[in-house]
Amino acid sequence: MVDRLLLIVAIAAAVALAWGCLRLWRAWKVRALAHETPFAGIIPAGKPAVIGFSTPGCVECRTRQAPALAHLAAALEDAVTVRILAAPEYPYLVDRLGILTAPATVVLDATGAVRYVNLGFTDAATLAGQIGNVAHAAPQTRHNALTA
């Protein structure tokens, strides 16, 4: 009985360590992109942007993320650029941003610098809050796929 308890504690500790390492790695990736504009030529600069990444077989991309992005675009109108990109068509960006799952969303500031990378579904309210923070916040990352 004690052996099983120790095994469960060891597994929980390993999962927590892996999760912490992933969070650190993601934060490092976003900070490294703070002074780059990886979407130059794809997304026009001059106003904040939200880019959704999807894949052809991603049901959540179509049923949850796309409607949330449409709601965000309707709510913020011309104040923000909202686009959905097919992840397989932009492997360099997917790799550079450290996107590990679909859906994923990326929030850019008005200069085109990456400020947030969200793994998994992110609702319109969260994205609107991130858009509101891009002028004031340092680069950050969220891990919806890991905390949901």
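Is T105 buried or exposed? T105 is buried, with a relative accessible area of 0%, in what should be read throughout as a predicted model. This residue is found in strand β3, which covers residues 104-108, and, leaving aside residues up to four places away in sequence, T105 touches I51, G52, Q65, L69, Y116, V117, N118, T122 and L127. Because buried means under 20% relative accessible area, the value of 0% places T105 in that class.

**The chain as a whole**

The chain holds five helices and five strands, and, followed from the N terminus on, its elements run α-β-α-β-α-β-β-α-β-α. Taken along the principal axes, the box filled by the C-alpha atoms is roughly 60 × 35 × 30 Å. Of the contacts in the chain between residues at least 6 apart in sequence, 73% join residues at least 24 apart. The side chains include 12 positive and 9 negative ones, and the centres of these two sets lie 5 Å apart. Some further values for the chain are set out here.

| Property of the chain | Value |
|---|---|
| Buried residues among the 148 residues | 38% |
| Exposed area | about 8,100 Å² |
| Part of the exposed area supplied by carbon and sulfur atoms | 64% |

**The disulfide**

A search of the whole structure finds one disulfide, and the residues that form it are C58 and C61, whose sulfur atoms are 2.2 Å apart. The link of C58 and C61 is right-handed, with 85° about the S-S bond, and both C58 and C61 are buried.

**The aromatic pair**

The structure also holds one aromatic pair. The ring centres of F39 and F53 are 6.2 Å apart and the ring planes stand at 50°, so this pair is tilted. The pair links distant parts of the chain, since F39 belongs to the loop between α1 (2-32) and β1 (49-54), whereas F53 lies in strand β1, with their positions 14 residues apart in the numbering. As with the two cysteines of the disulfide, which are buried, F39 and F53 are both buried.

Taken together, the residues described here one by one include T105 in strand β3, the cysteines C58 and C61 of the disulfide, and F39 and F53 of the aromatic pair.

Notes:
Residues numbered from 1 in each chain as written. Predicted model: local features only at pLDDT ≥ 70, side-chain atom pairs only at ≥ 80, totals over all residues. Heavy atoms only, no water. Helix = DSSP H or I, 4+ residues; strand = E, 2+ residues; numbered from the N terminus. Buried < 20%, exposed > 50% of the residue type's maximum accessible area, 1.4 Å probe, protein only. Contact = heavy atoms within 4.5 Å. Areas by Shrake-Rupley, 256 points an atom, 1.4 Å probe, with all protein chains shown as cover. Lys, Arg positive; Asp, Glu negative; His and termini not counted. Charge placed at Lys NZ, Arg CZ, Asp CG, Glu CD. Disulfide = S-S within 2.5 Å. Phe/Tyr/Trp six-rings, centres within 6.5 Å; stacked < 30°, edge-to-face > 60°.
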